[in-house]
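Thank you for making time this morning. I would like to walk through one model with you, slowly, and I will stop at a few places along the chain.

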Amino acid sequence: MDFSWTEAQEALYKQILDFARDTLNRTGQEHTLFSKDHWSLTGREGLPGLSIPPEYGGRGFKSLDTAHLVEAFGRGCHDMGLVFSVAAHLFACAMPIVEFGSPEIKARVLPNLAQAEWVGANAITEPEAGSDVFALKTTAVRDGSDYLLSGVKSYVTNGPIADLFVVYATTNPANGYLGISGFIVEKDRPGLRLGQQISKMGVTSTPACPVYLEECRVPATNRLGAEGQGALIFKSSMQWERACLFAAYLGMLDRQLEQTVAYARTRRQFGKSIGKNQAISHRVADMKLRLEAARLLLYRACWLFDQGKFSILDISLAKLAVSEAAVQSSLDAIQIHGSTGFNTEAGLERMLRDAIPSRIFSGTSEMQRDIIARELGL
């Protein structure tokens, strides 16, 4: 494994970093609402299509290159909600279509997703199926050349603004998780209804809502893969999401560390910079350690993914390391900044609020520890 980057890779990283810093940030203002203008700008930069094949309007990058560029996006853009929306659109909606959609589906929807003409969403979580995502009660009943989808999806990222949903439903309850299938459902399908937008503590500009399916009629041609492949489709999308999406948090941690080091150098107490105090310098050292350890775990997981090695252990290790680092280092950054960190102007408390959900979505930290223990034979 060689994680050194070519000049071309470094140039593209810098291009996206500069774009995010110069074009997307609004100094001193937290992004609390989704910005359609900013979404369109990310489309011009190719971010919503990083891993979509070029023949459908995307950039065609593998997971390691994609993660590297998502990291640049998260480092430069203060609005982690926008970063999260783009990543969820790409990894949880577009990539299942890339990997399991029919040629007709790919040709019809992927160009719109790749160019940010459409917003994509993933609908799997249900009121009684959180960590146990395959305990789904949403059903898909065959009716001639269609399916009738019925059920409730309790938390759908991008739901209020989505043009297209990847929906998971049970087609054969007797087969358990092997009886789940995936479908694409357009927003204007009769029987699809959006609930009230959810108010959140972090990633506030990422809109989310419940989605209600009331005998929503979907053509059988909208099914992804074969009947019963839903579990495989979701597992594959989680590979992309747990690796590449979480690279955005590496970028945020890089930005946070830069800000904290600069503050520790310039803030003076008792006649010296606070960075000269061991209590402060050790916290900063731990922040750097967490960042680099998480980065290496994530890069390794992506590298294995690109080699065709489906490593559940490495993906879970990376996701867990990044999530825990994002929360703990955000707490440390606030502590080092003192009252300045507690104030909203510094943006550090926003980083903490944005970091907390990383321990919950895409499989909680507890679930990742369970997976790691199981992979070790326990």
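Glu 215 sits in strand β7, and I begin there in this predicted model on account of its backbone. The phi angle of Glu 215 is positive, about 50°, even though the residue is not a glycine. Is Glu 215 buried or exposed? With a relative accessible area of 56%, Glu 215 is exposed, because the cut-off for that word is over 50%.

Please keep that residue in mind while we look at Asn 158, which lies in the loop between β3, residues 146–157, and β4, residues 164–170. Asn 158 is another residue other than glycine with a positive phi, in this case near 75°. The relative accessible area of Asn 158, however, is 0%, so Asn 158 counts as buried, the limit being under 20%.

Let us return to strand β7, which covers residues 208–219 and includes Pro 219. Which residues does Pro 219 touch, if we do not count those up to four places away in sequence? They are Ser 145, Asp 146 and Arg 189. We can also set distance along the chain beside distance in space, for Pro 219 and Ile 184 are 35 residues apart in sequence, while their C-alpha atoms are 9.4 Å apart.

A second pair of this kind begins at Gly 338, a residue in the loop between α9 and α10. Gly 338 and Arg 369 are 31 residues apart along the chain, and their C-alpha atoms are separated by 32 Å. As for accessibility, Gly 338 is at 33% and therefore counts as partly exposed.

Now we move to the helices, and I would like to take them in pairs. How do α3 and α7 pack? The angle between α3 and α7, the latter made of residues 247–266, is about 45°, and their axes are 6 Å apart. The two helices are therefore described as oblique to each other, and the crossing of α3 and α7 is right-handed. On the α3 side, the residues that meet α7 are Ala 67, Val 70, Glu 71, Gly 74 and Arg 75, whereas the residues on the α7 side include Ala 247, Leu 250, Met 252, Asp 254 and Glu 258. Sorted by class, this contact of α3 with α7 has six nonpolar, two polar and five charged residues.

While we are on α7, let me point out Thr 260, which also lies in that helix. Thr 260 has a relative accessibility of 0% and so counts as buried. Leaving out residues up to four places away in sequence, Thr 260 touches Val 284, Met 287, Ala 333, Ile 336 and His 337.

The second pair is α4 and α5, where α5 is residues 103–114, and these helices pack at an angle of about 155° with their axes 10 Å apart. Because the angle is over 145 degrees, α4 is roughly antiparallel to α5. Here α4 passes α5 in a left-handed crossing. From α4, the contact uses His 89, Cys 93, Ala 94, Ile 97 and Val 98, and from α5 it uses Ile 105, Lys 106, Val 109, Leu 110 and Leu 113. By class, the contact of α4 with α5 has eight nonpolar, one polar and one charged residues.

Between α3, residues 63–76, and α4, residues 80–100, there is a loop, and Asp 79 is found in it. The relative accessible area of Asp 79 is 6%, so this residue counts as buried. With which residues is Asp 79 in contact, leaving aside its neighbours within four places in sequence? The contacts of Asp 79 are Asn 25, His 31 and Ser 205, and with Ser 205 there is a polar contact from side chain to side chain at 2.6 Å.

I would like to finish with helix α11, residues 348–355, where eight of the eight residues are buried, so that the helix is largely enclosed by the rest of the structure. Among the buried residues of α11 are Glu 349, Arg 350, Arg 353 and Asp 354, together with Leu 348 and Met 351. What do the buried residues of α11 pack against? Their partners are α4, α7, α9, which is residues 312–337, and α10, which is residues 339–342, so if you follow α11 on the screen you will meet again α4 and α7 from the two pairs we have just discussed.

Technical notes:
Residues are numbered from 1 along each chain as its sequence is written. This is a predicted model: local features need pLDDT of at least 70, side-chain atom pairs count only at pLDDT 80 or more; totals for chains, interfaces and linings use all residues. Side-chain values use heavy atoms; hydrogens and water are left out. Helices (H or I, at least four residues) and strands (E, at least two) are DSSP runs, numbered from the N terminus. Buried means under 20% relative accessible area, exposed over 50%, partly exposed in between (1.4 Å probe, protein chains only). A polar contact is a pair of N or O atoms within 3.5 Å; within protein, one must be able to donate a hydrogen and the other to accept it, and residues adjacent in sequence count only if both atoms are side-chain atoms. Contact means heavy atoms within 4.5 Å. Axes are lines fitted to C-alpha atoms, for helices over the stretch in contact, and angles run from 0 to 180 degrees between N-to-C directions. Angles under 35 degrees count as roughly parallel, over 145 as roughly antiparallel, 65 to 115 as roughly perpendicular and the rest as oblique. A crossing is left-handed if the near helix is turned anticlockwise from the far one by less than a right angle, and right-handed if clockwise. Ala, Val, Leu, Ile, Met, Phe, Trp, Tyr, Cys and Pro count as nonpolar, Asp, Glu, Lys and Arg as charged, and the others, Gly among them, as polar.
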